[in-house]
Amino acid sequence: FEEMYIGKAENGRIECVSKAQTPITLRHVLTHTSGIGSGPVGDILMKELPSDKRKDLEFMMSYFTQNPIDFEPASAQLYSGTFAFDVAARAIELVSGKSYDEFLKAEIFEPLGMKDTAFVPSEEQWSRMIPMHNMLDAKSVIAHEFDRRIFADFPESYFCAGAGLFSSLSDYVRFASMLQNGGELDGVRILSKQSVDEIATPHVSADIMAGNERWGLGVRVITEKSYATLPVGTYGWSGAYGSHFWIDPVNRITAI
């Protein structure tokens, strides 16, 4: 990522228009300000790479670095659904010497007792997998049943950092409770209190992200009293399949 170019999308094609002047940092990646997969250029790159072609994170990095980004890093913000966080996950692999799924299992899931959270379900876990439901004509209907794949037909070798984990409500509660407790749960410390505070702090200026919520590190943070339903300082995120979680550190309320 040392030398990146900014692209422009027109009529379904991408044209390089200038060289990026700002080096991309992990903070940019985690605050959706890197330009990677954020906008029309990223949309085209997403379409040109079918789900089943995403071999692994190493392959994804080669794909990203051979293509332009949407804007000058730190000059704007726009949600990057999966691409940006993949960069952070690949950095974890290189630093830790473990694959991303192995790292999560060893450093987060097993210490927290999250026995039903992983990228690849076991046969026993598949037997307990529930379908997604929707409301149609005021009735609950099955909207989607998983066919041996968790997310968008991604291959099992691709441990996507922005999508693809399966879990259970009880596991998700333990993860969120760890954040609520400042990085520790039941005597097991996963993150430092300083790291949790960094996650929950808005890092994107109001100049490029107006409104009553701004990006923390990987989460949205409520920044204004005008937000209708949650107090200032509450942070969390939502899943593509309809899951939501938020943490209110002032009132010490966690919701999933």
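Helices here are DSSP runs of H or I with at least four residues, numbered from the N terminus. Keep that in mind for every α label on this tour. The model is predicted.

**Stop 1: a loop residue**

Select Ala74. It sits in the loop between α3 and α4. Check its backbone: phi is positive, about 75°, although Ala74 is not a glycine. Most residues other than glycine have a negative phi. Is Ala74 buried, partly exposed or exposed? Ala74 is partly exposed, with a relative accessible area of 40%.

**Stop 2: another positive phi**

Now go to Arg252. Find it in the loop between β10 and β11, where β11 spans 253–255. Its phi is near 55°, again a positive value in a residue other than glycine.

**Stop 3: the largest nonpolar core**

In soluble globular proteins, nonpolar side chains tend to be buried together. Here the largest nonpolar core holds 52 residues. Which of its members touch the most others? Select Phe64, Tyr100 and Tyr235.

Next, colour the elements that give two or more residues to this core. The helices are α2 (40–48), α3 (57–65), α4 (83–96), α5 (100–112), α7 (169–180) and α8 (193–199). Add the strand β10 (244–248). Pause on α4, which gives the most to this core, with six residues.

**Stop 4: around Tyr235**

Centre the view on Tyr235. Leave out residues up to four places away in sequence, and show its contacts. Leu179, Gln180, Val196, Ile199 and Ala200 are among them. So are Val219, Arg220 and Val221. Phe245, Trp246, Ile247 and Pro249 complete the list.

**Stop 5: the largest cavity**

How many cavities of 30 Å³ or more are there? The count comes to two.

Start with the largest, which has a volume of about 150 Å³. Its lining has 16 residues. Select Phe119, Ile150, Phe154, Pro155 and Gly164, which lie nearest its centre. Colour the lining by type: twelve residues are nonpolar, one is polar and three are charged.

**Stop 6: the second largest cavity**

Move on to the second largest cavity, with about 50 Å³ of space. Select its lining: Gly35, Ile36, Gly37, Leu45, Phe64, Asn67, Pro68, Ile69 and Phe83. Six of these residues are nonpolar and three are polar, with no charged ones.

Keep Phe64 selected as you finish. It lines this cavity, and it is also one of the core members that touch the most others.

Conventions. Residues are numbered from 1 along each chain as its sequence is written. This is a predicted model: local features need pLDDT of at least 70, side-chain atom pairs count only at pLDDT 80 or more; totals for chains, interfaces and linings use all residues. Side-chain values use heavy atoms; hydrogens and water are left out. A nonpolar core is a set of buried Ala, Val, Leu, Ile, Met, Phe, Trp, Tyr and Cys residues joined through side-chain atoms within 4.5 Å. Buried means under 20% relative accessible area, exposed over 50%, partly exposed in between (1.4 Å probe, protein chains only). Contact means heavy atoms within 4.5 Å. On a 1 Å grid over the protein atoms alone, a cavity is a set of points where a 1.4 Å probe fits but cannot get out, and a pocket is an open set with protein on both sides within 12 Å along at least five of seven lines; lining residues have an atom within 4 Å of a point. Grid points are joined across faces, edges and corners, and a volume is the space filled by probe spheres set on the points. Ala, Val, Leu, Ile, Met, Phe, Trp, Tyr, Cys and Pro count as nonpolar, Asp, Glu, Lys and Arg as charged, and the others, Gly among them, as polar.
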